[in-house]
Amino acid sequence: MILTSLIDNTRLNNRTDLAIERGLSIHASAMGKSILFDAGSSEAFCDNAALLNVDINNVDAAIISHRHHDHCNGVSHFLDRNSKAQVYFRECEETNYLFKTFGFKSNIGINKQLLVKGASRLTFVNQMTEISSNIFVITDLSNKYAKPEGNKYLFTESDGCYKPDNFDHELLLVVKENDGLIVFTGCAHSGVLNMIDTAISHFPNTKIKAVVGGFHLVGLPLFNSIGGTKKQIEEIGESILNYPIDKLYTGHCTGMKAYHLLKGVLGDRLEYFPTGRSLTI
């Protein structure tokens, strides 16, 4: 598998030609298919793709991890540039998604016009679905471990009623290759450990070659604080060591402070995955 980071919060130091934004989009060449995982919040990932020799028009399927704007609003631009791929979302009730803290609130949800514009190209899944040979979208996510502390700022709103977001709009992408799994987490609002546990539960006795995506260990993004305590972040790293995982590639909502704490536990098994980086797994 070849992975390319099309958009992230940061970029390779030598690729100042690439745009960055607070968002995520990853391209994967896997199982003979061209796969897009998440689409950032704008057309920036499409522009970067052209500079990174990734043909957006040739993408066979797009999978959207959850309905926050920084992962899905770029789909509108994807549909303009790609005429064939289905775009997969997790099926859920329609609601609004907000960030709230200290009396401040902001809409962080999907542009609902996208759901109308792309109606014929969108597929909504509510169970584990093999969208192509050995490429799986999984919706029944484990609750074995605690969810990220940073979720406490995230809410849904319907008819003026606010509730903590339970992330029933989040899914997991797993690609099963002959020598192991590649697990794509999006933001891992359900918890990176729960996502790892989900993959292992569905594919027991199978090594995970890589976990790729954000881990949502940031607290307040503006201050790059950690979600929880130093000890809690390090315990997540220690728990990861109990699973058969070769490598983890992260960025976006993990947060640099939490990343360095995890790095202290995981060492060379953990690497940053900024905009512009490509790797072969």
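A residue counts as buried when its relative accessible area is under 20%. Keep that cut-off handy for these exercises on a predicted model.

**Exercise 1.** Work out whether Ser-34 is buried or exposed, and find what its side chain contacts.

*Solution.* Start with the location: Ser-34 sits in strand β3, which covers residues 33-37. Next, take its relative accessible area, 9%. The cut-off is under 20%, so Ser-34 is buried. Now look at the side chain: it makes a polar contact with the side chain of His-27 at 2.7 Å. Leaving out residues up to four places away in sequence, Ser-34 also touches others, including Asn-58 and Asp-60.

**Exercise 2.** Do the same for Lys-247: is it buried or exposed, and which residues does its side chain reach?

*Solution.* First, find Lys-247 in strand β16, residues 245-250. Its relative accessible area is 19%, so Lys-247 is buried. Then follow the side chain: it reaches the backbone oxygen of Asp-268 at 2.6 Å, and makes a polar contact with the side chain of Glu-271 at 2.4 Å.

**Exercise 3.** Trace the open sheet that holds β3 and say which strands lie at its edges.

*Solution.* Read off the order of the 7 strands: β8-β5-β4-β3-β2-β1-β18, with mixed pairing. The edges are β8 (122-125) and β18 (278-280), each pairing on one side only. From one strand to the next, the twist averages 20 degrees. Finally, add helix α1 (residues 44-51), which packs on the sheet and touches β1, β2 and β3. Its direction makes about 130 degrees with that of β1.

Definitions and conventions. Residues numbered from 1 in each chain as written. Predicted model: local features only at pLDDT ≥ 70, side-chain atom pairs only at ≥ 80, totals over all residues. Heavy atoms only, no water. Helix = DSSP H or I, 4+ residues; strand = E, 2+ residues; numbered from the N terminus. Buried < 20%, exposed > 50% of the residue type's maximum accessible area, 1.4 Å probe, protein only. Polar contact = N/O pair within 3.5 Å; in protein donor to acceptor, adjacent residues only side chain to side chain. Contact = heavy atoms within 4.5 Å. Pairing = 2+ DSSP bridges. Axes fitted to C-alpha atoms, helices over the stretch in contact; angles between N-to-C directions.
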